[in-house]
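The following paragraphs lead the reader through one structure. They begin with a single element and then turn to what surrounds it.

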Amino acid sequence: MRFLVIEHNPKLGRQICRILEDQGYNVTLTASGREGEEEAARGSFDAIILHVMLSDHDGGQVCKD
C-alpha cells in the first residue's frame, strides 16, 4: 500500500512515516497542503493522511480538491 502523508510539522510527519514504513508501507511525505495536492495528482495512493489545520492551506479544502 502507498500512503501520502500531508503534515506541516516536520517531526510529527517523520514519526508518522517511520511508523508506517516499519509496517512495510510505501510512504510519501509532503509539508504543505499545496504540495500535497500536487503529489496526490501525480501519484496513485491507497490512502492519504491529512492534517486538517495546515499552515498554508485548509486541510478540508485539500480533501475536497
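Strand 1 is largely enclosed by the rest of the structure, because four of its five residues are buried. The model under discussion is a predicted one. Strand 1 therefore offers a suitable place to begin, given that it is largely enclosed in this way.

What does strand 1 pair with? Strand 1, residues 2–6, pairs with strand 2, residues 26–30, in the parallel sense, and five bridges join the two. The chain passes from strand 1 through helix 1, residues 10–22, to strand 2, and this β-α-β crossover is right-handed. Strand 1 also pairs with strand 3 in the parallel sense, here over four bridges. Individual residues show how these pairings are arranged. Phe 3 is placed opposite Val 27 in strand 2. Val 5 has Leu 29 as its bridge partner in strand 2, and Val 5 also stands opposite Ile 49 in strand 3.

The side chains of the strand may be considered next. In a regular strand the side chains alternate between the two faces of the sheet. In soluble globular proteins, moreover, nonpolar side chains tend to be buried together. With this background, the nonpolar cores of the model can be described.

The largest nonpolar core is made up of six residues, namely Phe 3, Val 5, Ile 16, Cys 17, Leu 20 and Val 27. Strand 1 and helix 1 are the elements that give two or more residues to this core. Helix 1 provides the largest share, three residues. Cys 17, one of the six members of this core, is in contact with Val 5, Val 27 and Leu 29 when its neighbours within four places in sequence are set aside. Another core, of five residues, lies apart from the largest one, and its members include Leu 4, Ile 6, Phe 45 and Val 62.

Leu 4 deserves a paragraph of its own. This residue lies in strand 1. Is Leu 4 buried or exposed? Its relative accessibility is 0%, so Leu 4 counts as buried. Not counting residues up to four places away in sequence, Leu 4 touches Thr 28, Thr 30, Gly 36, Glu 39, Ala 40, Phe 45, Ala 47, Ile 48 and Ile 49. As for Glu 39, its C-alpha is 8.1 Å from that of Leu 4, although the two residues are 35 apart in sequence.

Aromatic residues form a further theme. How many aromatic pairs does a search of the whole structure find? The search finds one. The ring centres of Phe 3 and Tyr 25 are 5.0 Å apart and the ring planes stand at 75°, so the pair is edge-to-face. Phe 3 belongs to strand 1 and Tyr 25 to the loop between helix 1 and strand 2, so the pair ties together parts that are 22 residues apart in sequence. The two partners may also be described by their accessibility. Phe 3, at a relative accessible area of 11%, is buried, whereas Tyr 25, at 31% relative accessibility, counts as partly exposed. Another ring is accompanied by a charged residue: Arg 2 lies over the face of Phe 45, at 4.4 Å from the ring centre.

The loop between strand 3 and helix 3 remains to be examined. Strand 3 comprises residues 47–50 and helix 3 residues 59–64, and Met 53 lies in the loop between them. Leu 54 is likewise placed in the loop between strand 3 and helix 3. Met 53 is exposed, with a relative accessible area of 64%, while Leu 54 is buried, with a relative accessible area of 10%. Leaving aside neighbours within four places in sequence, Leu 54 is in contact with Ile 6, Glu 7, His 8, Gly 33, Gly 59 and Val 62. The C-alpha atoms of Leu 54 and Arg 34 are separated by 9.8 Å, and these residues are 20 apart along the chain. For Met 53 and Glu 7, the sequence separation is 46 residues and the C-alpha to C-alpha distance is 9.1 Å.

A final residue returns the reader to helix 1. Pro 10 lies in this helix and is exposed, with a relative accessible area of 52%. Its C-alpha atom is separated by 7.1 Å from that of Ala 31, a residue 21 places away along the chain.

Definitions and conventions
Residues numbered from 1 in each chain as written. Predicted model: local features only at pLDDT ≥ 70, side-chain atom pairs only at ≥ 80, totals over all residues. Heavy atoms only, no water. Pairing = 2+ DSSP bridges. Right-handed = clockwise from strand over helix to strand, strands pointing away. Core = buried A, V, L, I, M, F, W, Y, C linked by side-chain atoms within 4.5 Å. Buried < 20%, exposed > 50% of the residue type's maximum accessible area, 1.4 Å probe, protein only. Contact = heavy atoms within 4.5 Å. Phe/Tyr/Trp six-rings, centres within 6.5 Å; stacked < 30°, edge-to-face > 60°. Lys NZ or Arg CZ within 6 Å of the ring centre and 35° of its normal.
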